[in-house]
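Student: I should like to learn how strand pairing and nonpolar cores are read from a model. Could we work through an example together?

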Amino acid sequence: MSYTHTITVPMSYAQAVEATRAALAEEGFGILTEIDVKATFTKKLGAESGEAVGDYVILGACNPSLASKALAAEPQLGALLPCNVVVRRGATEDHATIDAIDPQTMVQLSDSAAVREVAEDAERRLRAALDAVGATTL
């Protein structure tokens with residue numbers, strides 16, 4: 001089973017980060033956390049490790065309404081939140097790859113109808129955000 005939805009877009013890393021933030025906001029997601037993996041690896045492991053991973057950010061996206069429903073159904077689902085979205089530089093400087101968690105992974109871990117409903121809504125919204133980023137390059 002794949003655990004992400006992935007697209008590669010013909011835009012720079014910086015443009016992809018900006019477009020991803022905007023598309024997530026349009027779908028009701030706020031960014032709770034942001035991890036600059038390159039900067040973290042550089043600081044903790046040295047410049048060589050930072051360069052090896054390249055431009056790579058993890059955005060912890062949260063739709064408060066969906067998170068509230070998920071936590072009401074199963075409080076321990078908080079361990080799976082927020083929905084992580086990765087933006088990373090592609091094979092060339094004019095391409096970027098975006099990976100969004102597939103919320104259906106929550107359904108794999110729970111038999112709750114409420115969790116299934118939240119996961120379906122979150123998946124629809126995350127796919128719409130990826131579609132919107134992809135459409136900005138047309």
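Tutor: Two strands are said to pair if DSSP finds at least two bridges between them. Please keep in mind that this model is predicted.

Student: In which sense do β1 and β5 pair, and over how many bridges?

Tutor: Strand β1, residues 4-9, pairs with β5 in the antiparallel sense, over 6 bridges. Within β5, Ile101 is the residue opposite Thr4.

Student: How many bridges join β4 and β5?

Tutor: There are 5 bridges between β4 and β5, again antiparallel. Arg89 has Ala96 of β5 as its bridge partner. The two strands form a hairpin, with 6 residues between β4 and β5.

Student: Why is β5 described as largely enclosed by the rest of the structure?

Tutor: Buried means under 20% relative accessible area. Of the 6 residues in β5, 5 are buried, so the strand is largely enclosed by the rest of the structure.

Student: How should a nonpolar core be read?

Tutor: In soluble globular proteins, nonpolar side chains tend to be buried together. Here the largest nonpolar core has 22 residues, and Val9, Leu24, Val85, Val87, Ile98 and Val133 touch the most other members. At least two residues of this core come from each of α1, β3, β4, β5 and α6; α1 supplies the largest share, 6 residues.

Student: Which residues is Val85 in contact with, leaving aside its neighbours within four places in sequence?

Tutor: Its contacts include Leu24, Ile58, Ile98 and Leu126. A second, separate core of 9 residues has Val107, Val115, Val118 and Ala122 among its members.

Definitions and conventions
Residues numbered from 1 in each chain as written. Predicted model: local features only at pLDDT ≥ 70, side-chain atom pairs only at ≥ 80, totals over all residues. Heavy atoms only, no water. Core = buried A, V, L, I, M, F, W, Y, C linked by side-chain atoms within 4.5 Å. Buried < 20%, exposed > 50% of the residue type's maximum accessible area, 1.4 Å probe, protein only. Helix = DSSP H or I, 4+ residues; strand = E, 2+ residues; numbered from the N terminus. Contact = heavy atoms within 4.5 Å.
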